[in-house]
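Student: Please take me through the ligand site and the pockets, setting each value against its definition.

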Amino acid sequence: MIIVFKHNATADEIKSVSDMIEKLGYEPRVINGVEHTVIGAIGDEKIHRSLEVFKAFPFVEDVLPIQKRYKLASREFKKKDTVINIGGHKIGGGHFQIIAGPCSVESLEQMQNVVRDIMPCGIGIIRGGTYKPRTSPYDFQGLGEAGLDIMRQIKEEFNVQITTEVVGVNHIAKIAEVADCLQIGARNSQNYNLLEQVAAAGKPVILKRGMASTIEEWLSAAEYLMVHGCSKVIMCERGIKTFEHATRNTLDISAVAIAKRETHLPVIVDPSHAAGRIDLILPLSLAAIAAGADGLIVETHPDPINACSDAGQQIPSKNFAAYVHDLQVLINAMGLKTEK
Ligand code: PEP
Ligand code: MN
């Protein structure tokens, strides 16, 4: 931690803080600047007590952390990219995956139709919400267990991997029986109890960035999963809330580039929930790939107009091959591997 003193702090006040820092188990290093005096407190902030208490002192300007609040997720901890393997489909370390499927599982026939359309384009991980986190309680809430049954049948019939969202701790066991990958949605990105329990299920986890989370908060949420035993975390940028209303959320492309620097974990992008409109899915997907994303998670539906949720943003599954085709040049140019 660095303690920055106000310009009029007296030598006695600075000495008193220095003594307290030492008592707390850190080594204080006083630096007298032209404008301000600062003390660098050397020691592990995770072991010793936080020095944030000094913020309350009237002669202290600020207390700034030096260490990151996430460790296991950081590049400093692990330099090499983590590659996550979901049933033979690799994500990260130069392996690129497109995960696709409808917003919500609605019927067996809907899922069969979508998988038939997208599997030939190389899609091996299918998404689909069975428990839906809807903003309004009057909107379609998902089929729940019946949706999981459909997913089970889809897995058997097509030999695909599936990912679905967990919205509550009481669903984890049931979902983990069927799903190959669990998803934490934007609304639950900082639900720490849920993160802890989901980590314990032992499955790979797609962690969406909260719509109002900073990059550091998103990485700290990943740290929760990792500290609780989940090493297979896939970070997913899905847009954040800004003043802009032309899109549903604002896709934070910088966050993709920053996350790739900060963490060894794979980073994917959800252009569907970022844009909220079909015409932007392709350009946002291209931007994500160019920024270094390791994959995409995209909504597609056999009949989007009649979808139970997110009708305006799902690519008609008949058009999915054309979408993948339009991405391929850039995927190749970036030297990414898409085969199993
Ligand atoms: C979803 O992927 O189905 C979803 C609800 O997304 P988000 O949590 O990003 O809103
Ligand atoms: Mn959706």
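**Ligand contacts and pockets**

Student: What makes the pair formed by Arg-127 and ligand 1 a polar contact?

Tutor: An N or O atom in the side chain of Arg-127 is 2.7 Å from an oxygen atom of ligand 1, and a polar contact is a pair of N or O atoms within 3.5 Å, so this pair qualifies. By the criterion just given, Lys-132, with a polar side-chain atom 3.0 Å from a ligand oxygen, and Lys-208, where the distance is 2.8 Å, also make polar contacts. This is a predicted model, in which local features need pLDDT of at least 70 and side-chain atom pairs pLDDT 80 or more, while totals for chains, interfaces and linings use all residues. Side-chain values use heavy atoms without hydrogens or water, residues are numbered from 1 along each chain as written, and chains are lettered from A and ligands numbered from 1 in written order.

Student: Which residues surround ligand 1, and how are they classed?

Tutor: The residues around the ligand, each with a heavy atom within 4 Å of it, include Glu-165, Gln-183, Gly-185, Ala-186, Arg-187, Arg-238 and His-273. By class, this shell has one nonpolar, three polar and six charged residues, where Asp, Glu, Lys and Arg count as charged and Gly as polar.

Student: Where does ligand 1 sit?

Tutor: Ligand 1 sits in the largest pocket, which means that more than half of its atoms lie within 2 Å of the pocket's grid points. About 310 Å³ of space lies in this pocket, and of its 21 lining residues the closest to the centre are Pro-133, Arg-187, Arg-238, Arg-248 and His-273. The lining divides into four nonpolar, six polar and eleven charged residues.

Student: What is the volume of the second largest pocket?

Tutor: Its volume is about 150 Å³, and the closest to its centre among 13 lining residues are Phe-96, Ile-98, Cys-121, Gly-122 and Thr-338.

Notes
A polar contact is a pair of N or O atoms within 3.5 Å; within protein, one must be able to donate a hydrogen and the other to accept it, and residues adjacent in sequence count only if both atoms are side-chain atoms. On a 1 Å grid over the protein atoms alone, a cavity is a set of points where a 1.4 Å probe fits but cannot get out, and a pocket is an open set with protein on both sides within 12 Å along at least five of seven lines; lining residues have an atom within 4 Å of a point. Grid points are joined across faces, edges and corners, and a volume is the space filled by probe spheres set on the points.
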